[in-house]
Amino acid sequence: MTTETLTKVERPAFETVRPVSRIEEMKHNLFKQKRQISLERAKLYTESYQQTVGEPTILRRAKATAHILDHVQISIRPGELIVGNRTVRPRSGILSPEMDPYWIMKEIDTIGTRPQDQFDFTKEDRDYYTANLLPYWTGKSMKDFINAKITPDVKAAEDDLVIKLNQTDKGQGHIIMDFPLILNNGIGKYLEIIDQKRAADPDNDFYQACEIIFKGMQRHFQRYADLARDMAADPATPDYRRVELTEMAAMCERLETDKPYSFYEALQLLWMTSIVAQYESNASSLSLGRMDQYMYPFYKNSKADGVPAKFLREVLGDFYLKTYDVVLLRSAESAKCFAGFPTGYTVALGGLDKYGQYSVNELSYKMLDLYQDIQLPQPNLSVRINEQIPRRFLNKTCETIRLGTGIPMIFNDEVCVPGFLSKGVSLDDARDYGVVGCVETTIPGKTYGLHDIALFNLMRVMEISMYELRDDKNLTYAKLRQRISDNIDKYVKIVTKGSDIVDLGHREFAPIPFLSSLISDCLDNGKDVTSGGARYNFSGVQGIGEPNLADSLYVIKKAVFENKELSFAKLIDLMESNYAGDDGEKLRQHFINDFHKYGNDDPEVDMECAKFFRHFALELGKYKNIRGGEFNAGAYTVSAHIPLGEDVGATPDGRKAHEQLADGGLSPMVGRDHLGPTAVLKSVSKIDNTLAVNGSLLNLKFAPNTLKGDAGIRKFADFLMAFTQLKIRHVQFNIQSRETLLDAQKHPENYGSLVVRVAGYSAFFVDLNKQIQDDIIRRTEHNL
């Protein structure tokens, strides 16, 4: 079978006339029903596992995935041109009891009413889960394995609230598959490659597992082809839709074996690859990489063949909307850290090519243009920027940011590329970096990075250190700093041990052969990514609280040791009382208002932030993970600055007990940046951003009038170039007024479509709980 060149004559679906806008119809249908939990994947997965007892785990996983592909209910929704949905009901949450069957039982009666990310859970499904799924997986899930392996020191560090291990209850994501490889070969050719590997190494379970899932993917395409033909044959189907469905059926059958030629075909194979990976692991942040680069040849093919621009826009819009159909089901605790369903369909536009030149094309512009119409939290677009960026593309980026959704976010090639080079990544690969999840950077198709493996609360380390030294009569500022550094070292060693236990849990219980087959070197090595098959093997740990740490240390240095306004013991008493009484509140206001704060370009306080992040990053980098790769530091919180703040008592920066920490990661504490956005950039630039290889996050908020008109765009573009020259890794923006956000909080019924930037992702404002809404409202509103 050969792929035909698409023309108007051969593909009359291009010419169909619809009574309503396709994109508007599909967007409307996404929100017609409430979010619901789907047990379908869990049932099918369990059904397969019951039939494969005693077989190697990787084969059981592959057969379970193929079983899902063969039996999951499928549908083609009204208006769709691209087929493939995780669930028939839009935006359903999927359970993975093989990972952790316990958390859902704790929330089985509250998940529909909890403060954040609610889902309906029908009584029938609750009863089935309790009677069937929970008993089967009790004692043999990945969570059971990890809990049994946790050592006393790791448990103590978790109890100390210094570290939080992630990915213990779900499949591991935060990865970009080699989409160019599958798009340029097709399923048939890829199966030939796998067959050759199997012939050379017939006892290798990994190769057999890859083959099982790819053949399941072929059958899944055929199921959609059959469904499309059945729907086309239905007398009730309108003529225009019959034409579309007939073409969709033919395309699905072509893609069972052939590589795509057109933009439409390439988007379909790209999406189906993503869906299969979702069925395999039900993981977050299976991101899309540099989509404007690898999809451009297919776009050019369709343009050259005269495919109408309207059709190309519609099919890309269909793809965009499908990314928002995937929502992740998290526990209540996890939802605090990832509030608002950040799925992680992240796309990086622009950036360097392998020759060191800025690479932007017509599709790059079209993708930003289309987002201006879609305006949903997914896909999570980002733009890679450097000093070569064409001013026209920079302006288009600024115009899109001006919409106020927080998309796109900005990444700086001048920092990200050197950061990867420092970790032994080749120059060509470093220039090809992409973005996964929120703000994590990775090498597409070549890295298994465990980017979100753990959180490290630096403010708890400071708090523990202070209380350890409260009775030291000979305490000096240098001794306090040293104790904090020593405790960072102590807990870094422990967090790497805990991260390796989680890593091992995924190796033993959750190999991902389909995804691994699309990561460089896995097929050559004959190993899954969880067993170290990838070219680059990192683990990422986020250091959280650096701005609060810097502000607190500056107050201690000045108020206690230099000005001698109070003793260290008295300061501890004040913290312990949570600034109680009139005198306590007076001192708290003094600490807030009369001492310099990070974010205002003050070298003395800013360098405390820079020094401690450097210490954390370099100490973390001394350790190797169980796959032989390095641990990389990050400086971002997602929305964890709120729950991690709940773990910390009152601090010398004037923060009361259990209040939030600084948002983002490298953003100033809310309301403490008084000297404008350029001063914020200058503060962040004092940190060695190349050390944050796993990612960093800077939130900024601007008044909408700042970007008004051509003059506003020019000023904002100049601001982004200053960001570039200051060698800061990342920045993102909220362009919403305080008044708008306050009114949305009071009258949510009037703001159902209001999208804001939360952390490394955007979300509907009304979907966020009040704590996070208040955090966004309180962020300093800057002008240029």
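In this predicted model, leucine 700 has phenylalanine 733 of β18 as its bridge partner. The two strands concerned, β17 and β18, run parallel to each other and share three bridges. Both belong to an open sheet of six strands, which is a convenient place to start a tour of the chain. Read across, the strand order of this sheet is β6-β7-β8-β18-β17-β21, and the pairing is mixed. At its margins lie β6 (346-350) and β21 (781-782), each of which pairs on one side only.

Two cis peptide bonds are found just ahead of strands of this sheet, and both involve a proline. The bond from glutamine 378 to proline 379 is cis, with omega near 0°. Proline 379 sits in the loop that links α16 (362-374) to β7 (380-385). The other cis bond connects isoleucine 407 with proline 408, again with omega of about 0°. Here the loop is the one between α17 (391-401) and β8 (409-412), where proline 408 is placed.

A wider view puts these elements in context. The chain falls into domain 1 (1-96 + 177-281), domain 2 (284-447 + 700-784) and domain 3 (454-697). Domain 1 and domain 2 are each assembled from two segments of the chain, whereas domain 3 is given as one. Between the C-alpha centres of domain 2 and domain 3 the distance is 25 Å. Their contact draws on 47 residues of domain 2 and 43 residues of domain 3.

How much area do domain 2 and domain 3 bury between them? The figure is about 3,600 Å², with 63% of it on carbon and sulfur atoms. On the side of domain 2, the residues that lose the most area to domain 3 are Lys423, Lys446 and Arg729, which together make up 17% of what that side buries.

Polar interactions also span this boundary. Three salt bridges are counted between domain 2 and domain 3. A salt bridge also joins the side chains of aspartate 663 and arginine 779, with an N to O distance of 3.7 Å. Polar contacts between domain 2 and domain 3 amount to 16 residue pairs. Several elements of domain 2 each supply at least two residues to the side that touches domain 3, including the helices α15 (332-337), α18 (413-421), α30 (709-725) and α32 (770-778). Strands take part as well, with β10 (440-442), β17 (699-702) and β18 (730-734) each giving at least two residues. The parallel pair described at the outset, β17 and β18, thus reappears among the elements that meet domain 3. By residue class, this side of domain 2 comprises 22 nonpolar, 14 polar and eleven charged residues.

Another open sheet has five strands, in the order β3-β12-β14-β15-β16, and its pairing is likewise mixed. Its edge strands are β3 (163-165) and β16 (695-696), which each pair on one side only. Within this sheet, β14 (residues 539-544) and β15 (residues 631-635) run parallel and are joined by four bridges. Among the residues involved, glutamine 542 has glycine 634 of β15 as its bridge partner.

One further backbone feature deserves a mention. Aspartate 117, a residue other than glycine, has a positive phi, near 60°. The loop between α4 (103-106) and α5 (123-137) is where aspartate 117 is located.

Methods
Residues numbered from 1 in each chain as written. Predicted model: local features only at pLDDT ≥ 70, side-chain atom pairs only at ≥ 80, totals over all residues. Heavy atoms only, no water. Domains from an automatic or database assignment. Contact = heavy atoms within 4.5 Å. Buried area = accessible area lost by both parts, 1.4 Å probe. Salt bridge = Lys/Arg side-chain N within 4 Å of Asp/Glu carboxyl O. Polar contact = N/O pair within 3.5 Å; in protein donor to acceptor, adjacent residues only side chain to side chain. Nonpolar A, V, L, I, M, F, W, Y, C, P; charged D, E, K, R; others polar. Pairing = 2+ DSSP bridges.
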